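Thank you all for coming. I would like to take a few minutes to walk through one model with you, going from aromatic rings to helix packing and then to a few residues in loops.

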Amino acid sequence: MKIGIIVAMDKELEQLRHVFGKESSHIIVNKCGIGKVNAALGAQKMINEFHPDCIISSGCAGGNGDDVNVMDVVVSSELCYHDVYCGTAIDDKTIFGQVQGLPARFQADPVLLEKASQLSSHIGTPAIHPGLIVTGDWFVDSKDKAMEIVRHFPEAKAIDMESAAIAQTCYLHNVPFISFRVVSDIPLRDTDASMYHDFWNTIAENSFQVTKTFVESL
């Protein structure tokens, strides 16, 4: 089975390569860059050049919900955009967060999601939360911005800048997809992104072990 793993930043790439060690012929880890366009281009390049049987998005994200804490892992059960609105002038059925003509939410591959949901019993810690991941071109560093997003998507477990764009690309090419996001900060509990900086300064070491455990289960 050929598995492609996409991250956005050098910090995440360094962590994953540390966790996985030397890449093999059936596992490749690539950095796409930050944001939706970079994410979609990175996914397209991986599909064109590597022809993976599945793609995993891995990295960090802001968390949401009373049960979510820093270092927990959110696994995408579904994904959408928090900064897309196509209006109602042409189609009054398209909802907030949906690109017209595409699904309202991109669903994680059910087989991958089932395997991911079983990880808690094998790992114990950190806590793993299947749920909605919302994506947009905005680093959420204020409570006001977080509240605006959560107002539209109160059930969201994580907020990031890449996952839904990779999900859309995989959907268009019929490539199974899932996203693992380590919670680096909780924007509604933090006012100046200090949690995010503390995450990288003090506790990021081996924080992507869940992704490795998942890959080993495939």
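Before the first residue, one cut-off: a residue counts as buried if its relative accessible area is under 20%, as exposed if that value is over 50%, and as partly exposed in between. Please also keep in mind that what you see is a predicted model. With that cut-off, phenylalanine 106 is buried, because its relative accessible area is 4%.

Let me stay with the rings for a moment. A pair of aromatic rings is described by the distance of the centres and the angle of the planes. Searching the whole structure gives five aromatic pairs, and I will take two of them, both of which involve phenylalanine 106. In one, tyrosine 81 and phenylalanine 106 meet edge-to-face, with 6.5 Å from centre to centre and 85° between the planes. Since tyrosine 81 belongs to strand S4, residues 73-81, and phenylalanine 106 to strand S5, residues 106-107, this pair ties together parts that are 25 residues apart in sequence. Tyrosine 81, like phenylalanine 106, is buried.

In the other pair, phenylalanine 106 and tyrosine 171 are tilted, at 5.8 Å centre to centre and 55° between the planes. Here strand S5 supplies phenylalanine 106 and helix H6, residues 163-173, supplies tyrosine 171, so the parts tied together are 65 residues apart in sequence. Is tyrosine 171 buried, partly exposed or exposed? Its relative accessibility is 45%, so tyrosine 171 counts as partly exposed. Taken together, Tyr81, Phe106 and Tyr171 are linked by ring pairs into a cluster.

Helix H6 brings us to the packing of helices. Two packed helices are described by the angle between their axes and the distance between the axes. Helix H2, residues 36-50, packs with H6 at about 35°, their axes being 8 Å apart, and the crossing is right-handed. From H2, the contact involves Lys36, Ala39, Ala40, Ala43, Gln44 and Ile47, and from H6 it involves Ala165, Ile166, Thr169 and His173. By character, the residues of this contact of H2 with H6 are six nonpolar, three polar and one charged.

A second crossing joins helix H1, residues 10-20, and helix H8, residues 209-217, whose axes come within 9 Å and cross at roughly 50°. That angle makes H1 oblique to H8. The crossing of H1 and H8 is right-handed; on the H1 side Leu16, Val19 and Phe20 take part, and they meet Gln209, Thr211, Lys212 and Val215 of H8. The contact of H1 with H8 is made up of four nonpolar, two polar and one charged residue.

Finally, the loops. Most residues other than glycine have a negative phi, and most peptide bonds are trans. Histidine 51, in the loop between H2 and S3, has a positive phi near 50°, and at 52% relative accessibility histidine 51 counts as exposed. Asparagine 174, in the loop between H6 and strand S8, residues 177-185, also has a positive phi, near 60°, and its relative accessibility of 71% is why asparagine 174 counts as exposed.

My last residue is aspartate 66, which sits in the loop between strand S3, residues 54-63, and S4 and is exposed, at 80% relative accessibility. How far apart are aspartate 66 and lysine 157 in space, C-alpha to C-alpha? The distance is 9.7 Å, although aspartate 66 and lysine 157 are 91 residues apart in sequence.

Note on methods:
Residues are numbered from 1 along each chain as its sequence is written. This is a predicted model: local features need pLDDT of at least 70, side-chain atom pairs count only at pLDDT 80 or more; totals for chains, interfaces and linings use all residues. Side-chain values use heavy atoms; hydrogens and water are left out. Axes are lines fitted to C-alpha atoms, for helices over the stretch in contact, and angles run from 0 to 180 degrees between N-to-C directions. Helices (H or I, at least four residues) and strands (E, at least two) are DSSP runs, numbered from the N terminus. Angles under 35 degrees count as roughly parallel, over 145 as roughly antiparallel, 65 to 115 as roughly perpendicular and the rest as oblique. A crossing is left-handed if the near helix is turned anticlockwise from the far one by less than a right angle, and right-handed if clockwise. Contact means heavy atoms within 4.5 Å. Ala, Val, Leu, Ile, Met, Phe, Trp, Tyr, Cys and Pro count as nonpolar, Asp, Glu, Lys and Arg as charged, and the others, Gly among them, as polar. Rings of Phe, Tyr and Trp (its six-membered ring) pair if their centres lie within 6.5 Å; planes under 30 degrees apart count as stacked, over 60 as edge-to-face and the rest as tilted. Buried means under 20% relative accessible area, exposed over 50%, partly exposed in between (1.4 Å probe, protein chains only).
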